[in-house]
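Hi,

Here is the structure I promised to pass on to you. Have a look around it first, and then read my notes below.

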Amino acid sequence: MIGLDVVVQALLSGLFMGSVYALIAIGFTLVFGVTDIVNFAHGHLVMAAMFVTYFLFKTAHLDPYLSLVVVLPLFFGVGALLYVLVIQRIVEAPHSAHMMVTLGLLLVFENLANLFFGGDLRGITTKYTTSSFVMGPVAVPLARLGAAVVSLLAVAVLGVFLARTTLGKAIRASANNREGAALVGVNVPRVYLVSFSLGTMAAALAGAVIVPFSLVSPFVGHEFILKAFVIAVLGGLGSVPGALAGGLLIGFVEALSSLYISASLGNAIVFAILIAVLLYRPWGIFGQAKV
Amino acid sequence: MSALLAVRGVSKRFGGLQALSNVTFGVDHREIVGIIGPNGAGKTTLFNVITGVYAPDLGRVELRGMDVTGWAPHRICRLGAARTFQIGKPFAALSVLQTVRIGALNRIDSMAGATARALEVLELVGLAGKRDDLGRHLTVIERKRLELARALATGPALLLLDEVAAGLRPNEIQEMIALVRRIAAGGVSVLIIEHVLEAVMRLSARRGVPGRGLHACLKSRASRWRTATCACSTT
Amino acid sequence: MKGRLAVGVVALGVAAAVPLVAGQHLLTAFIVALHAAYMALAWNVAAGYAGQFSLGHSLFYGIGAYASTMLYLKLGLTPWVGMFAGAALAGVVGVLLALGVYRYNVRGIFFALVTLGAAEVAKGLADNWHWIKGPVGILLTMKAAPAEFFFLRREPYYYVALAMVVAMVAISLVLERSRLGQHFLAVREDEAAAEASGVDTHRAKTVAIGLSAALTAFAGSFYAQFYLYVSPETVLTFEPQLTMMLGTMVGGAGTALGPVLGSVLFSGLGEALRNLPFENTRQVVIGSKLVYAILLIVILIYLPGGLITLGRRRA
């Protein structure tokens, strides 16, 4: 029998990782909601940011949280560059082309990373990598707590940005109705560019803050993109609040299922849920059907 | 003899919008029937209900004496009612001949036979010279003709034309009217919905029996309800 | 038409003569390329012709690999027959999947994600299924038993792979010229217009997935016999799916020769590089993959119909 303290500990770890997943999925779902593009390379953007953060720590001894000053603008730029060079040219193409081109980007990132850094798993040890403080029956790991707090903060900032600022409103308008937004004077191409860059930045932020307690290799992106799919679908593709809820849910499911069943079977269950949601509630379990 | 098409008390609602309210009318063999109404009057919804895209909330649709309410569109097409789409839906990456041949395969199993039939239909609608062009490269009138050819190739007893004149220039409308007449002369009944009044009126006026046969009430939002003007003729 | 036939015969003659001149290393590269071409063509039936962009074809590939292998190990059934059983099973699974998916009107990107999910579920189940040895996988013993689809040399495998590609090209060409194939195209282009033309789109899509699934399973069986090893990590991951998509999309989806062209270019060259004695093989292989990925993006942007359209434009 698994004790209550172990379950609580698992729930806590689910909450922490779920927050990070939520941020990754929000970047993914924002891009889809606005540009209608499913970005298969999204998980590999997380991976790329992890490598950048890793090397900033290794070479310049820059703490992962401090390195955000470099990583965030850098990846906003990477997103903008990707958009201008590639994504922009396929926005009007069918979904199959979206999927293939972003799969191509995935392969580019993966092989670039593999070419330069090799396929080994690498990690860093910061002062707080193994630190934790005890709270009642559970130990709270500091590095994971930090990652979760920063992720949730970023989600909140993004939420306020979308709700309050002119640009944010334009992004939401374009997601709802591209032609309509263009008619009322929204600069749709610019909105697309900004959305894609923001989505990339969200992935990068998540990548940077998990470096203190995660190993990075060119192949870790796959896990993140699969998570992002599942979460975004659970929350309703294109829905930011849905992705937040979905992220936390998947964090909990992952943590709890690891207690009771093997990871691969847990994965199968998660995808079975994904299929059920896609069949019965394609607008997501938290969303509402569009009439 | 029973009517070719009988629409009996059909209603259809989308959320808060009552698109069709108790619509009843019929089309006889060898008849051209026109339904006129402004945009939003429910004309296309009526077509969608007749051709099986939507099932009606209330009422029945009968085709050739069979109750086809709730049938899938392809079954209704097989039974003999073919429609065109208001916004021409050419198969973008297929050639004109391929597109029309797919229609012809509705009645003809062999590819050679279907190809021959498709070429005949293309000749009739005046697209024979464009047989190898891709759908996406066609002009508006060519798309309308292609739509017509695709529907006609399925070998319908009833052809439903959704705004075939909309978006066309006056001389093109003339050509389209002549074409529809030629098709009708071949023994196909035609149900035509249009907001270009002239097109419908001309089609019927020429036969000289306007005002007979059809009384379809198409109700639209709130107080704006219309009695569809009817224009029909017996060839 | 006659000219094309002549070109085909010559190409076939050249392909048949390859083992006479190629060493075992190079022959392996050719086998991998032909295998990839076959897989691509099988996926192309659903994705290229009928527009059903499945991301879960690894599932059918895996079914083929496991079915023929398990039937051989447990019942002693020769894989020559077992591969047909695998194809039948994959076909049934494909039809059931399609029926479920289309019943709920799942389309486009959602269809892609459902099929991707189905393959992931299958991998998770296979990892936990002890009867098929879970994540450890199943090793077959290398031996000379032609009646049981085992050969010591590369040449027989090469000819089997070549025959499979030729058969698959023939199937594609027959399909293109059939009523069913035309219905596939109509479904791909516009489902509403297809229905209005008398096409039973649900049936056409279900047949497309079932047929494509069954054909894909043969590739899985071939994989098992060629590499003599089947595991969830090798046949049920995204890797086989990627091979199918790369070849098809680069060469030209919805054509009978495009997927062959794309696959030979991608898989064949990659494998050839891997097998050539370069100083730094690892870097060369990764570098070539990188080049392909960039090539893929460039082709999809500037030649959305694939490389095959280059030839057509000139003709």
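Let's start with a single residue: L145(A) sits in helix 5 of chain A, which covers residues 142–164. Please keep in mind that this is a predicted model. Is L145(A) buried or exposed? Neither label fits: L145(A) has 18 other C-beta atoms within 10 Å, so this residue counts as partly exposed, because a buried residue would need 20 or more and an exposed one 12 or fewer. If you set aside the neighbours within four places in sequence, L145(A) is in contact with F16(A) and V140(A). You can also find P64(A), which is 81 residues away from L145(A) along the chain; their C-alpha atoms are 14 Å apart.

Next, turn to the place where chains A and C meet. Chain A brings 33 residues to this contact and chain C brings 32 residues. On the chain A side, helix 4 (95–117), helix 9 (221–235) and helix 11 (263–280) each give two or more residues. Helix 4 of chain A has the largest share, with 14 residues. By type, the chain A side that touches chain C is made up of 24 nonpolar, eight polar and one charged.

Finally, chain B has a sheet to explore. Four strands form this open sheet in the order 2-1-4-5, with antiparallel pairing. Strand 2 (17–27) and strand 5 (66–67) of chain B are the edges, each pairing on one side only. Strand 1 (residues 5–14) of chain B pairs with strand 2 over seven bridges, in the antiparallel sense. To see a bridge up close, look at R13(B), whose partner in strand 2 of chain B is Q18(B).

Enjoy exploring!

Technical notes:
Residues numbered from 1 in each chain as written. Chains lettered and ligands numbered in written order. Predicted model: local features only at pLDDT ≥ 70, side-chain atom pairs only at ≥ 80, totals over all residues. Contact = placed C-beta atoms within 7 Å. Nonpolar A, V, L, I, M, F, W, Y, C, P; charged D, E, K, R; others polar. Pairing = 2+ DSSP bridges.
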